[in-house]
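Q: I'm new to this structure and would like a close look at one part of it. Could you pick a helix and walk me through it and what surrounds it?

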Amino acid sequence: MHRELCEVEEGEESPPSIRPALLLACGTQRILQIILGFFWLLDAGLQFQPFMFRSSFTTTYLLNNAQNQPT
């Protein structure tokens, strides 16, 4: 619904007092989406660790944590 408010066609008129605030809100929202997307990709890149793809990772970390868990 908010996206529809941001996409104002040229023929449509909105009250002059609402238009600057609406455009500022839409631009701010898009910038926030881009920044959060960047942090999401950065977090994924930092979690990508080569040692996690070795068989020793399974026996050292995963199997030790699986002990005493309900079946």
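A: Let's start with a yardstick: the expected span of a helix is 1.5 Å times one less than its number of residues. Helices here are DSSP runs of H or I with at least four residues, strands are E runs of at least two, and both are numbered from the N terminus. With 12 residues, α3 should span 16 Å, and its end C-alpha atoms are 16 Å apart, so the two values agree.

A word on where this comes from: the model is predicted, so local features need pLDDT of at least 70 and side-chain atom pairs count only at 80 or more, while totals for chains, interfaces and linings use all residues. Residues are numbered from 1 along each chain as its sequence is written, and side-chain values use heavy atoms, leaving out hydrogens and water.

Now, pLDDT is the predictor's confidence in each residue, from 0 to 100. Helix α3 (residues 55–66) is where confidence is highest, at a mean of 85, whereas helix α1 (residues 2–6) is where it is lowest, at 56. The protein as a whole has a mean of 77, with 65% of its residues at 70 or more. Its secondary structure is three helices and zero strands, in the order α-α-α.

Next, the rings. Rings of Phe, Tyr and Trp (its six-membered ring) pair if their centres lie within 6.5 Å; planes under 30 degrees apart are stacked, over 60 edge-to-face, and the rest tilted. The structure holds five such aromatic pairs. One of them joins F51 and F57, edge-to-face, at 5.8 Å centre to centre with 70° between the planes. Together with Y61, F51 and F57 make up one aromatic cluster.

How covered are these residues? Buried means under 20% relative accessible area, exposed over 50%, and partly exposed in between (1.4 Å probe, protein chains only). F57, at 16%, is therefore buried, while F51, at 35%, is partly exposed. For the whole protein, buried residues make up 4% of the 71 residues.

Finally, look past the end of the helix. N68 sits in the segment after α3 and, at 81% relative accessibility, counts as exposed. Its backbone stands out too: most residues other than glycine have a negative phi. N68 is not a glycine, yet its phi is positive, about 65°.

So that's your tour: a helix whose span agrees with its 12 residues, an aromatic cluster of F51, F57 and Y61, and N68 with its positive phi following α3.
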